[in-house]
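Biologist: Hi, could you walk me through this model? I'd like to know how to read it before we start.

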Amino acid sequence: MIGPVDSSKIPRYAGPATFARLPRLDQVAHADVAVVGVPFDTGVSYRPGARFAPSAVREASRLLRPYNPGLDVSPFERVQVADGGDIAVNPFHIGEAIETIEQAAADLQAEGTKLVTIGGDHTIALPLLRAVSRIHGPVALLHFDAHLDTWDTYFGEPYTHGTPFRRAVEDGILDTEAISHVGTRGPLYGKKDLEDDRRLGFGIVTSSDVMRRGVDETVDALRQRIGSRPLYVSIDIDVLDPAHAPGTGTPEAGGMTSRELLEIVRGLRGLNLVGADVVEVAPAYDHADITSVAASHVAYDLVSLLALKEGQ
Ligand SMILES: N=C(N)NCCCC(=O)O
Ligand SMILES: [Zn+2]
Ligand SMILES: [Zn+2]
């Protein structure tokens, strides 16, 4: 196993950044888990800039340490984890970008590598789900987000960051017995948004539900719905309150704390996780790397969950 650069020997701020100072994919014979950037933000409806998230999150991940006490695992000793670099996506053509992302993710997964991707805007969840469903069939989905992202079109366009999960249901790549939004809040276009969303099969745990029920009850309910199904986790960083994640494109007041999000993610231990993404970090709106640090820690916990599962 090739682990991260030892920060007790080489200062953690030295050298080019890979996620958690891990080796690059081309420096290992095989990776069980890869962290891959998808610098694409052509699908946004408001503030742009998520294309810069992969490099900002890598920079913010320099302080991650190799033992994860929250999950009692040293993920980089348990399985080979590597930084897969960025997928080179066309910023001028959303349709082509979606195809490139699906193919790149499918190629990596064909080698037996599980992916944690760093967006990019939420458009990228669609091709990533398409790629995992090629292997696993329809997957359960846990979607952490202030937004539903099940709207139909924006300006007549079907592929945007507000529409990936409607397209995914239409594609038949989600197991609609087990798809949930977590952290939903904020104004909608109309009540119909919620009716359409329910008709697609989604369950909703709002941000207020999390606050009222607490982490443990929330986790229990989510786990029951998911069972042993293959599970994909998509985390829009705007699920966090703007106080915890100012650096994002469509912020909504009244969100979860980063502590709540991390605890819920850790509560997914033992489930059949097959892939995950962390999207919508927009570094230009960030302050003191608050958002990139939160995203790097969430990604670290997702990698740890995969390491626990893959290293069995
Ligand atoms: N941040 C994501 N993924 N979607 C937000 C879309 C909200 C809107 O423009 O109405
Ligand atoms: Zn969102
Ligand atoms: Zn979203």
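Modeller: Let's fix one term: a residue is buried if 20 or more other C-beta atoms lie within 10 Å of its own, exposed if 12 or fewer, and partly exposed in between, with C-beta atoms placed from the backbone. This is a predicted model, where local features need pLDDT of at least 70 and side-chain atom pairs count only at pLDDT 80 or more, while totals for chains, interfaces and linings use all residues. Residues are numbered from 1 along each chain as its sequence is written, and chains are lettered from A and ligands numbered from 1 in the order in which they are written.

Biologist: OK, is F155 buried or exposed?

Modeller: F155 counts as exposed because it has 6 C-beta neighbours inside 10 Å. Its phi is positive, near 50 degrees, though F155 is not a glycine.

Biologist: And what about R21, buried or exposed?

Modeller: R21 is buried, with 24 other C-beta atoms within 10 Å. R21 also has a positive phi, about 65 degrees, without being a glycine. Most residues other than glycine have a negative phi, and most peptide bonds are trans.

Biologist: Which residues does a cis peptide bond join?

Modeller: G119 and G120, with omega at about 5 degrees.

Biologist: Switching topic: which residues are around ligand 1?

Modeller: Among them are H122, H147, D149, H161, D236, D238 and E280 (a residue is near if its C-beta atom, placed from the backbone, lies within 6 Å).

Biologist: How does that shell divide by class?

Modeller: It has 1 nonpolar, 6 polar and 4 charged residues. Here Ala, Val, Leu, Ile, Met, Phe, Trp, Tyr, Cys and Pro count as nonpolar, Asp, Glu, Lys and Arg as charged, and the others, Gly among them, as polar.

Biologist: Now the helices. How many residues of α1 are buried?

Modeller: In α1 (residues 53-60), 6 of its 8 residues are buried. Helices are DSSP runs (H or I, at least four residues), as are strands (E, at least two), numbered from the N terminus.

Biologist: And α6, how many there?

Modeller: α6 (residues 191-200) is hardly covered, with a buried count of 1 among its 10 residues. Just after α6, G201 takes a positive phi of about 115 degrees.

Biologist: What is V303 in contact with?

Modeller: Leaving aside neighbours within four places in sequence, V303 is in contact with V33, V35, P75, V81 and V116. Contact means C-beta atoms, placed from the backbone, within 7 Å.

Note on methods
Two residues are in contact if their C-beta atoms, placed from the backbone, lie within 7 Å.
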